[in-house]
Amino acid sequence: LLAAIGLLKGVLGGNDPTDKIEAAVARLQRWRDRVASLRELLTDEDVTDFVVVGIPSRLAVAECARLLSALADQGVPVSHLIVNQVVDGASSTAYLDRIRAEQGRELKRLDGSSPLGELSLSRLPFFDLEMRGVFPLQYVASQAFRGTNADAWEDLLADQKDRFVLVGGKGGVGKTTTSASLAVQFATDGHS
């Protein structure tokens, strides 16, 4: 310890670096306490829910599975999965047929024995335009959180407690649209 203090004395200057060391230790302890408080908050299922967002492609499904595993390892509660850009059966070109076939394979993986299959799954159609503004986001919310998906979201949307709802996934899968439409739905339901 004396050697370390001597080294710090030379680096920090002055005759007695003890005050500087104690101040640094105190700052580190405050930081550690803040991180512990944040960890406690993010792992409390009464105030936090994480929504995984993806698209039905091999890479995106693999990334969703990796994300879910990492969140589970950290104890972060996850109960919902949004799958965006699902091409419906009404399209008829060969290109769309190939996309639909790949999406079908990946959706089966999501519905199967994967840990992702344990989440409440909401499928959203492929929108051929960018969903910007309140009214388009209300439409996305009606597709994601109401109708056939209403039961999966009922507990979260009806809960009147303050909550953190975190949204994550691979780039370009609709995280911003999902979080914005969820915020619009919360506001529509009277949350502030």
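The following exercises, each with a worked solution, concern helix packing, salt bridges and nonpolar cores in a predicted model.

**Exercise 1. Packing of α5 and α7**

Task: Determine how the axes of helix α5 and helix α7 cross, and which residues make the contact.

Solution:

Step 1. Two packed helices are described by the angle between their axes and the distance between the axes.

Step 2. Helix α5 covers residues 134–145 and helix α7 covers residues 175–188; their axes come within 8 Å and cross at roughly 90°.

Step 3. Angles of 65 to 115 degrees count as roughly perpendicular, and α5 is therefore roughly perpendicular to α7.

Step 4. On the α5 side, the contact is made by Val134, Leu137, Gln138, Val140, Ala141, Ser142 and Phe145. On the α7 side, Thr177, Thr178, Ala180, Ser181, Leu182, Val184, Gln185 and Thr188 take part.

Step 5. Sorted by class, the contact of α5 with α7 contains 8 nonpolar residues, 7 polar residues and no charged residues.

**Exercise 2. Salt bridges within α4 and between distant segments**

Task: State how many salt bridges a search of the whole structure finds, and examine the pairs of Arg100, Arg109 and Asp189.

Solution:

Step 1. The search of the whole structure yields 6 salt bridges.

Step 2. Arg100 pairs with Asp97, and their closest N and O atoms are 2.8 Å apart. Both residues belong to helix α4 (residues 94–111); because they are 3 residues apart there, about one helical turn separates Arg100 from Asp97. Asp97 is partly exposed, at 35% relative accessibility.

Step 3. Arg109 and Glu106 also form a salt bridge, with an N to O distance of 2.7 Å. They too are 3 residues apart in helix α4, so the separation is about one helical turn. The two partners fall into separate accessibility classes: Arg109 counts as partly exposed at 40%, whereas Glu106 counts as buried at 3%.

Step 4. In the pair of Asp189 and Arg146, the closest N and O atoms are 2.6 Å apart. This pair links distant parts of the chain, 43 residues apart: Asp189 is in the segment after α7, and Arg146 is in the loop between α5 and α6 (150–158). Asp189 is partly exposed, with a relative accessible area of 30%, and Arg146 is partly exposed at 28%.

**Exercise 3. The surroundings of Glu106**

Task: Decide whether Glu106 is buried or exposed, and identify which residues are in contact with Glu106, leaving aside neighbours within four places in sequence.

Solution:

Step 1. Glu106 lies in helix α4.

Step 2. Buried means under 20% relative accessible area; with 3%, Glu106 is therefore buried.

Step 3. Beyond neighbours within four places in sequence, Glu106 is in contact with Pro56, Ser57, Arg58 and Val61.

Step 4. Glu106 and Leu59 are 47 residues apart in sequence, with a C-alpha to C-alpha distance of 9.7 Å.

**Exercise 4. The nonpolar cores**

Task: Establish which elements each supply at least two residues of the largest nonpolar core, and which residues Leu110 is in contact with beyond neighbours within four places in sequence.

Solution:

Step 1. The largest nonpolar core has 16 residues, of which Phe50, Val52, Val78, Leu81, Leu110 and Leu116 touch the most other members.

Step 2. At least two residues of this core come from each of β1 (48–54), α3 (58–74), β2 (78–86) and α4. The most are given by α3, with 5 residues.

Step 3. Leaving aside neighbours within four places in sequence, Leu110 is in contact with Val61, Leu81, Val83, Leu116 and Gly117.

Step 4. Another core, of 15 residues, lies apart from the largest one; its members include Val51, Ala141, Leu157 and Val173.

Conventions
Residues are numbered from 1 along each chain as its sequence is written. This is a predicted model: local features need pLDDT of at least 70, side-chain atom pairs count only at pLDDT 80 or more; totals for chains, interfaces and linings use all residues. Side-chain values use heavy atoms; hydrogens and water are left out. Axes are lines fitted to C-alpha atoms, for helices over the stretch in contact, and angles run from 0 to 180 degrees between N-to-C directions. Helices (H or I, at least four residues) and strands (E, at least two) are DSSP runs, numbered from the N terminus. Angles under 35 degrees count as roughly parallel, over 145 as roughly antiparallel, 65 to 115 as roughly perpendicular and the rest as oblique. Contact means heavy atoms within 4.5 Å. Ala, Val, Leu, Ile, Met, Phe, Trp, Tyr, Cys and Pro count as nonpolar, Asp, Glu, Lys and Arg as charged, and the others, Gly among them, as polar. A salt bridge is a side-chain nitrogen of Lys or Arg within 4 Å of a carboxyl oxygen of Asp or Glu. Buried means under 20% relative accessible area, exposed over 50%, partly exposed in between (1.4 Å probe, protein chains only). A nonpolar core is a set of buried Ala, Val, Leu, Ile, Met, Phe, Trp, Tyr and Cys residues joined through side-chain atoms within 4.5 Å.
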